[in-house]
Amino acid sequence: MSVFGLLNLFVVYIVWSSTYLAIRIAVTGGFEPFTLGAVRLFCAALILLSIILVKKINLRLNFYEFKVIFSTSLLMWVFGNGLIMWAEQNAASGLTALILGVTPILASFLDSIFTKRMPSLISILSLLLGFVGVFCLFIPKISNFSFIGIFSYFLVFISALCWACGAIIQRNYSLNMSVLTISFYQNIFASLGFFLLSQFFHESYTLPGLNAILACAYLVLFGSVLAFTAYINAVKLLPINISMTYAYVNPVLALFLGHVILNEEINSYTIIGAILIILGILGVFKDQISNKK
């Protein structure tokens, strides 16, 4: 097994787990959520563009490619990531990551509908486990009712659904383009979408605190550029069942980081919910691997 591939996977484990914490710090430290999205993705797009120009990669885009990239950038970044940033003004970063852990389960189930094939029993059971796990996370919030809290976590679940839809489109409508080019266009389209949303909601442009600025810089350099490249390398160099283990690791690490750094609560419902969600993800991946054999 490739040592370089494992090192890249380790980067994905750490960085993607910490992005939820960075978002929470940024949006509670002075950044308006959609302004954060616009700044983060525009800066990432500039970095990707500089790499593309140095490598002399083709930037041409036909109408079919535009439709696929534009739709996935809206679903995965503007709606998916945008809802997360708005929700994390009130939602804990660890619970957000756990709820987003159902994304592979939703993607597998939606893909069955997209391809018009009956979901397997394992896929259905995995979906149910994931839903029960998410419900467990909500139990303490229901007993101590807060509308804005419940609504924020509901938006996180909707963001998982949007990201799953975008991932299905991206997988089923293949593009004969460089990964860097696709990522650049997704970032630039999404940054424009976030800018328009920030204007629509009349977000303020006051200077955020130092911690928020550092968190934004971390999201740009590590979350959007380094970890994405590391993930592509991990997928290329490692067996799929190894490279996809980030889906089990990230929610747990994010929960731990939120507890240690921001003192976010971990209770018995959190642990039970985490176990059920991870079992659901495991069921989906086992089912996918079995179908490929």
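**Close-up views of helices 1 and 2 and of E88**

**View 1. Helix 2 and its buried side.** In helix 2, the residues that count as buried (under 20% relative accessible area with a 1.4 Å probe, protein chains only) are P33, F34, T35, L36, G37, A38, R40, L41, A44, A45, L48 and I52. These buried residues pack against helix 1, helix 3, helix 8 (179-200) and helix 9 (210-237), where contact means heavy atoms within 4.5 Å. Helices are DSSP runs of H or I with at least four residues, numbered from the N terminus. This is a predicted model, in which local features need pLDDT of at least 70 and side-chain atom pairs count only at pLDDT 80 or more, while totals for chains, interfaces and linings use all residues. Residues are numbered from 1 along each chain as its sequence is written, and side-chain values use heavy atoms, with hydrogens and water left out. Just after helix 2 comes K56, with a positive phi near 55°.

**View 2. The two ends of helix 1.** At its start, a side-chain oxygen of S2 lies within 3.4 Å of the backbone nitrogen of F4. Just after helix 1, G30 has a positive phi of about 130°.

**View 3. The surroundings of E88.** E88 sits in the loop between helix 3 (63-87) and helix 4 (93-100). Although E88 is buried, it has no salt bridge, and R24, the nearest side chain of opposite charge, is 5.3 Å away; a salt bridge needs a side-chain nitrogen of Lys or Arg within 4 Å of a carboxyl oxygen of Asp or Glu, and for charge Lys and Arg count as positive, Asp and Glu as negative, with His and the chain ends not counted. Leaving aside residues up to four places away in sequence, E88 touches Y20, I23, R24, V27, T28, S93 and T96.

Technical notes:
Buried means under 20% relative accessible area, exposed over 50%, partly exposed in between (1.4 Å probe, protein chains only). A polar contact is a pair of N or O atoms within 3.5 Å; within protein, one must be able to donate a hydrogen and the other to accept it, and residues adjacent in sequence count only if both atoms are side-chain atoms.
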